[in-house]
Amino acid sequence: MSTGITMASMSTYAILGCGSVGYAVAEELADEGKDVLIIDADDGRVEALRDQDLNAKTADIADEEVPEAVADRDVVLILSTDIEANQTAVEHIREEGDEQFIVARASDPVTADELREAGADAVINPSQVIADAALRALETGELEHKAGQLADVIDATESKLAILAHDNPGPDSIASAVAFRAIAEARGIEADILYDGEIGHQEDRAFVNLIGVELLARDEVDFESYDTLALVDHARSMEREIERPVDVLIDHNEPDADYEAAFTDVRSNVSSTSTILTKYVQEFDLGLDDTVATALLYGIRAETLDFKRDTTPADLTAASYLYPFADHDTLEQVESPSMSPETLDVLAEAIRNREVRGSHLVSNAGFIHDRDALSQAAQHLLNLEGVTTTAVFAIDDERITLSARSKDIRLNIRNVLEDAFEDIGEAVGHSTDATVTIPLGIFTGIETSDDNRETLLQLTEEAVRRKLFAAMGVDENGN
């Protein structure tokens, strides 16, 4: 079928079958000054169209003479309610030539496939179009309603609002908190971003520093002094209980705890909380500065692995909206942080101690201070030829920390870690990258000291490797 005609060059149209849909299309095209020929079997309808100064002729669209009548038309829109007649018209036109662009009306997915097979370039289903439009209107109305509810909760803040990110916050959580704070401050409410744990990953620290975001450790503030509390991207990472009411909960994961928040927006049908916050930024008509836009775009990209993991149309739409406002120089710096000396040492140790079975690599990096070095080592080792899955572990104070990566679409690395250490550690992360932390004494029963560190390491290494390879389903021969 020819693709030489572009929509920009199409200027003459034929509409076969002019019911309500055909008439609406004809009216729009005529208003745009297009040359439109209408063919319909109903004499009365054709006469009425002529009375409106439209070029209309009476004929059965399934007749073999119709292709000749529309031969000079660039585009043929076959829009009658008789789907069988539509298919016959498509077949007749294609028998006469292959240059015209044909749009045909279907009634369901089966007839749509049949029309395409007959030669239609594009197929429309009016009921599906109406349903899609209704859903878009519903989404718009629901978002407007939710934004109003959220505004009421924010505006009810008497002194200060606390935005609590998840433990050891990553880009999506940080970005979502930054956007929520911008919304609150645009409404005249002072807000702080709080977190538990630490910002461990090197990229995350670079992200916070480069966009100039101030995050406060929860232990360093009077948590009870805030009269409004918002949990943003917090659902899957909470070691400490929250012993006070939660006012706002926004997340793309269902929360592990049961919060009776005044406002809740949990959408598991999107892949990042940054996507949800982008919708609210738009709904509140927030003057989008480059800090918020850069943060949200990076949050979406990080959570979806640069749109390679579990990306939804909503994530792409949000990213498309943010892209022109973001500072791309800052994004480039965040995504290419320099490697610290300790990270280099950990990577060297992991390379030395690697064991590869099939396409799976497990390595011991010894003793570490910077847990982020493990994740970077696991990522770098994934670049080795023939390796699809990596797991790098080390002793960090009184615990074993393990970071894993996988590009094998058949393997969910978080599930692997949960299977390997289900009773002794909690895995967090995704199907392609995950971490687990395990109390050291569970493996050895020995208290850590400077004198027994190497012994602990040897005992740990044997147990971790055995559990990991077993959970990956790999034997000693790599099978």
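Where does D233 lie, and between which two strands? I started here, keeping in mind that this is a predicted model. D233 turned up in the loop that runs between β10 (228-232) and β11 (248-251).

**Backbone at D233.** I checked the torsion angles next. The phi of D233 is positive, about 50 degrees, although the residue is not a glycine. Then I asked myself whether D233 is buried or exposed. D233 has a relative accessible area of 6%, and buried means under 20%, so D233 goes down as buried.

**A second positive phi.** I also looked up D285, which is not a glycine either and has a positive phi of about 55 degrees. D285 follows α9 and lies in the loop between α9 and α10. Buried or exposed, then, for D285? At 66% relative accessibility I have to call D285 exposed, whereas D233 is buried.

**Helix α9.** Since D285 comes after α9, I went back over the helix itself. How many of the 11 residues of α9 (residues 273-283) are buried? I got 9 of the 11, so α9 is largely enclosed by the rest of the structure. I wrote the buried ones down: T273, S274, T275, I276, L277, T278, K279, Y280 and V281. A lysine, K279, is on that list of buried residues. A reminder to myself: an α-helix has 3.6 residues a turn, so residues three or four places apart point the same way.

**T312.** Moving on past α10, I stopped at T312, in the loop between α10 (290-303) and α11 (313-322). T312 has a relative accessible area of 14%; the cut-off for buried is under 20%, so T312 counts as buried. What does the side chain of T312 contact? I found a polar contact of 2.8 Å between the side chains of T312 and D315.

**Negative patch.** Last, I turned to the surface. Which residues form the negative surface patch? My list reads D60, D63, E64, E65, E68, D82, E84, E91, E95 and E96. Which helix gives the most to the patch? That is α4 (residues 83-96), with 4 residues. I picked E64 out of the patch for a closer look. E64 lies in the loop between β3 (55-58) and α3 (66-69). With a relative accessible area of 62%, E64 is exposed.

**Recap for my own use.** Loop residues I noted as buried are D233 and T312. Loop residues I noted as exposed are D285 and E64.

Technical notes:
Residues are numbered from 1 along each chain as its sequence is written. This is a predicted model: local features need pLDDT of at least 70, side-chain atom pairs count only at pLDDT 80 or more; totals for chains, interfaces and linings use all residues. Side-chain values use heavy atoms; hydrogens and water are left out. Patches are made of residues with over 30% relative accessible area and no salt bridge: like charges are joined within 9 Å, nonpolar side chains (Val, Leu, Ile, Met, Phe, Trp, Tyr) within 5 Å. Accessible areas come from the Shrake-Rupley method with a 1.4 Å probe; for residues, only the protein chains shown count as cover. A salt bridge is a side-chain nitrogen of Lys or Arg within 4 Å of a carboxyl oxygen of Asp or Glu. Lys and Arg count as positive and Asp and Glu as negative; His and the chain ends are not counted. The place of a charge is taken as NZ of Lys, CZ of Arg, CG of Asp or CD of Glu. Buried means under 20% relative accessible area, exposed over 50%, partly exposed in between (1.4 Å probe, protein chains only). A polar contact is a pair of N or O atoms within 3.5 Å; within protein, one must be able to donate a hydrogen and the other to accept it, and residues adjacent in sequence count only if both atoms are side-chain atoms.
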